[in-house]
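The following exercises are to be worked with the sequence and the structure at hand. Each task is followed by a solution in steps.

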Amino acid sequence: MIGPAPAGEQLCGAIGEPEMMEPALEGTGKEGKKASSRKRTLAEPPAKGLLQPVKLSRAELYKEPTNEELNHLRETEILFHSSLLRLQVEELLKEVRLSEKKKDRIDAFLREVNQRVVRVPSVPETEEILQDKDGLNQRYFRKRALYLAHLAHHLAQDPLFGSVCFSYTNGCHLKPSLLLRPRGKDERLVTVRLHPCPPPDFFRPCRLLPTKNNVRSAWYRGQSPAGDGSPEPPTPHYNTWVLQDTALESHLQLLSTMLGSAQGLKDGVALLKVWLRQRELDKGQGGFTGFLVSMLVVFLVSTHKIHTTMSGYQVLRSVLQFLATTDLTVNGISLCLSSDPSLPALADFHQAFSVVFLDSSGRLNLCADVTASTYHQVQYEARLSMTLLDSRADDGFQLLLMTPKPMIRAFDHVLHLHPLSRLQAACHRLKLWPELQDNGGDYVSAALGPLTTLLEQGLGTRLKLLAHSRPPVPEWGISQDPPKHKDSGSLTLGLLLRPEGLTSVLELGPEADQPEAAKFRQFWGFRSELRRFQDGAIREAVVWEAASMSQKRLIPHQVVTHLLALHTDIPETCVHYVGGPLDALIQGLKQTSSTGEEALAVAVCCYDDLSRLLWGLEGLPLTVSAVQGAHPVLRYTEVFPPTPVRPASSFYEPLQERSSLLPRLDKPCPAYVEPMTVVCHLEGSGQWPQDAEAVQRVRAAFQLRLAELLTQQHGLQCRATATHTDVLKDGFVFRIRIAYQREPQILKEVQSPEGMISLRDTPASLRLERDTRQLPLLTSALHGLQQQHPAFSGVARLAKRWVRAQLLGEDFTDESLDLVAAALFLHPEPFTPPSSPQVGFLRFLYLVSTFDWKNNPLIVNLNNELTVEEQVEIRSGFLAARTQLPVMVIVTPQDRKHSVWTQDGPSAQILQQLVVLAAEALPMLEKQLMDPRGPGDIRTVFRPPLDIYDVLIRLSPRHIPRHRQAVDSPAASFCRGLLSQPGPSSLMPVLGYDPPQLYLMQLREAFGDLALFFYDQHGGEVIGVLWKPTSFQPQPFKASSTKGRMVMSRGGELVMVPNVEAILEDFAVLGEGLVQTVEARSERWTV
């Protein structure tokens, strides 16, 4: 018989397990990597590779549809919900179906195998090997294994086979099967699984009921029989494994009969197998396999819930609907139509198994190995999928069947139990002797159910779903010993968390005098204690130690390790919990227990106080109509939140006439202080002038008056300029900008020579509208998103930290990266919104690396303001105007056409570089997090690839104010002139003083036509320089443009080429005191 081959070698067919071939992602295939491994590589122009509408002649456009076309449309309307979906499904099915040519080669190999097996010498008939009581005490399984070993010995010598080895059937260690692969070019085409079976009626069915015992306790434990008449425990799983072999042929015949002639059913099964594979639901022992889903289709056909004329898509929908609404852990189903009273009742099976689905004999539970956790995960995924299909989203097919959902990307936290041998002690502690006896000593399977039940009870309202994953047992050679249970890697559990219950530090128990109190104490052990509450009640309670938000997110770690140690003797050292390893990248200098949410909340609270002061300000000619935040801190997305500052006077020269400070040259660069922008709108008035320059002068007067009033009425230190007023409050600096609502319109007014006034967007009007209207609206919306999804802050900040660590931060605005992070929460399909920064960051890398930025806008539907129809309209408008739009287009309800946050960047080359880096970082990081021995150095994916740059400018840490924010934070750095004791400060700190950034501005101004400069603003010690591809091309001699160039004679003509030595010298001269060395990697370029 043919069975599924190992990873990478699956057969592609409707009934056989299909191999999922994921489409190569743009920019991540070999060609993409090769083309974009250098930032200088020119990306193809935007117009190339764009999806273009098909142009038809007028005659073709209005031609009457043929009967065939009308039938096709009618069929599409009935069987699919759109023509696009039909095309997508048909293309996918073409990919997973076997071609006729391959089928012929497989059939030929099967005939050869059959002939070889028949010719194996000394193979007696099954009746001669098996005896009546072989169902007892594993005799049947041992004889079966011997029979298989004999076959293997002879077939291994045959030149037809390139590989002959053993593997376990569905992970069951009592049932090895023999894998045969052809020699030569077809070795990866097919794997034949030889699976010995007894005659169908050899074992008496009544002996293999779920209530019967077929493994005697005395035999299993190696003791003499007790003789006390104590009842033997039932062995339902053991009995099922015997029954599976007797029923194998009848099951295949049933599938062939029911599905063989109905193409729609076969297509539906193929789609369901793809659906299971993408969600890793069919993996390892106890998975929800393709065979189970095929039998489920047969059941739904037999109960008339699926008709044989249905399309593959309709079959997929019907099965998902059934799974979403039917809990087989409570109400089992059966293919058996017989009313024979001797058949066991469904209740008997529910007592023995977690999930019940009986075959047509009424005696075999097809879902015997499926755990309740796995089935609940299948149900959960089916519900998500039905919601997605019902939404009729354009990308529904892509999300449902083409998006992989590995455990590390689907679950908020993951934990590995390693080594597996610890579960043996857990079985002893939990007294699981009958389960061990039933599972033939497989302590992982025996402990799995009680273990998941224990954790589900302990995590309670924090938990939405718990899943487990067991690695498939590897194949082994016929001369090797089979792998032991402890050798099969680790047991991995995935926790999907509820954000609303996640941060509670209290487990509230019953009142002390209630009978349930004893059970609560027994469950929680020494962590349970009596506490008096505000309502006077004295209750049992468990309190977890967690002060910060990041510690509260990791309370499940405390729960899991406590319960496993208390009830199963699994020590904390064997529980490798992966919930917050990335937190270290966004932790402050001295706040290793916090990821900054608390510091951000303090700054937002200070802003709220300031806005109240502005609202109540007396003496302004016009009253304040609105105060809006317009800074990443005020939407919780600043990577490193500000802390209250109190400058040390020894680091500065005071400028008394301006109440300002000047950094001293003999001291290290002082701390970087960035003011938080606040937009203050004044009420409308007819007194405002209608001239742009006059408006600016009036605004400047308001800024001055605002500073005076805040100082007079509230004693705040202020500094006013023509464009803004800086205010120092509680150690935070706010930059208040007065806004007049009609000013953008005044800037748009253009007067013609005839005196006619027309409105036209100008760079100044667009910039002002963005800063005073769109940015505050965006900040407000993302502030609201953070209140709904507490993990948003961590995800956005990790995303920005990674992009900036790749030295690409200056090409992407804060707002554009915040919106990409917001899309993960507003449009999480096929996932649910992340509840931990870790899983959100992994999805950010996946989105960036796989999104088709060229042919699609990223629609971020803030506050759910855009309807489905409006989104369709936006996509249509995008394609029509694609060539005029930026390379990266992000659409929001307030910005539907222009993508204002990406107008100035990135360029096509930079976006392509980010896509490639994300595609490389994702599998590397996921592999680290899924390593049961621990993730290792988690900062690896944050370190930038420096080998791609032509010149490296290394900076002195003394003059890098944010040096401590570096990915590899230095063990020691320089004092930055801040007093450790908080207190009132009468002097405004130096604002925005960052020598590396000022140096970069000078470099770009002087050499921007020759090179690109890249830097990590969070403490980077290196500036990467790339020569522009055109900079080394000889230019005609012009006396007016000799900067950075030297004159050479080529072919009798004077030409100019870059004077690299002088340029490198200028790099050092410009950065004197800041620059340590300039490294020229001259092997990468020639003049």
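**Exercise 1. Determine how many disulfides the model contains, and explain the state of cysteine 606.**

Solution. Step 1: apply the criterion that a disulfide is a pair of cysteine sulfur atoms within 2.5 Å. By this rule, the count is zero disulfides. The structure is a predicted model, in which local features need pLDDT of at least 70 and side-chain atom pairs count only at pLDDT 80 or more, whereas totals for chains, interfaces and linings use all residues. Residues are numbered from 1 along each chain as its sequence is written, and side-chain values use heavy atoms, with hydrogens and water left out.

Step 2: examine cysteine 606. The closest cysteine sulfur, that of cysteine 605, is 7.7 Å from the sulfur of cysteine 606, which is too far for a bond.

Step 3: consider accessibility, where buried means under 20% relative accessible area, exposed over 50%, and partly exposed in between (1.4 Å probe, protein chains only). Cysteine 606 counts as buried because its relative accessibility is 4%. Cysteine 336 is also classed as buried, at 16%.

**Exercise 2. Establish the strand order of the open sheet of five strands, and locate its edges.**

Solution. Step 1: identify the elements. Helices (H or I, at least four residues) and strands (E, at least two) are DSSP runs, numbered from the N terminus. Two strands pair if DSSP finds at least two bridges between them.

Step 2: read the order, which is β14-β17-β20-β19-β18, with mixed pairing. Pairing on one side only marks β14 (624–629) and β18 (717–720) as the edge strands. From one strand to the next, the twist averages 25 degrees. For such angles, axes are lines fitted to C-alpha atoms, for helices over the stretch in contact, and angles run from 0 to 180 degrees between N-to-C directions.

Step 3: add the helices that lie across the sheet, taking contact as heavy atoms within 4.5 Å. Helix α24 (residues 597–615) lies across β14, β17 (676–682), β19 and β20 (732–739), at about 170 degrees to β14. Helix α25 (residues 692–714) lies across β17, β18, β19 and β20, and runs at about 140 degrees to β20.

**Exercise 3. Describe the partners of strand β19 (residues 725–729), and state whether its residues are buried or exposed.**

Solution. Step 1: take the side of β18. Four bridges join β18 to β19, and the two strands run antiparallel. They form a hairpin with four residues between them. Across this pairing, arginine 719 stands opposite aspartate 726, and glutamine 717 has leucine 728 as its bridge partner.

Step 2: take the side of β20. Here five bridges join β19 to β20, again antiparallel. Lysine 729 is bridged to phenylalanine 732 in β20. This hairpin has two residues between the strands, and aspartate 730 in it takes a positive phi near 55 degrees.

Step 3: assess burial. Thr725, Val727 and Lys729 on one side of β19 and Asp726 and Leu728 on the other are all buried. Because five of the five residues of β19 are buried, the strand is largely enclosed by the rest of the structure.

**Exercise 4. Explain how helix α21 (residues 516–524) is oriented by its buried and exposed residues.**

Solution. Step 1: list the buried residues of α21, which are Ala517, Phe520, Phe523 and Trp524. They cover an arc of only 125 degrees around the axis, so they lie on the same side of α21; the arc is that of the directions from the helix axis to the C-beta atoms.

Step 2: inspect the face turned away from this buried side, which carries the exposed residues Lys519 and Gln522.

Step 3: find the cover. Among the elements covering the buried residues of α21 are α19 (443–459), β10 (506–511), β11, β12 (538–543) and α23 (555–568).

Step 4: continue past the helix. Glycine 525 follows α21 and has a positive phi, near 65 degrees. Serine 528 lies in strand β11 (residues 528–532) and counts as buried because its relative accessibility is 13%. Leaving aside residues up to four places away in sequence, serine 528 touches Phe520, Arg521, Glu540, Ala541 and Val542.
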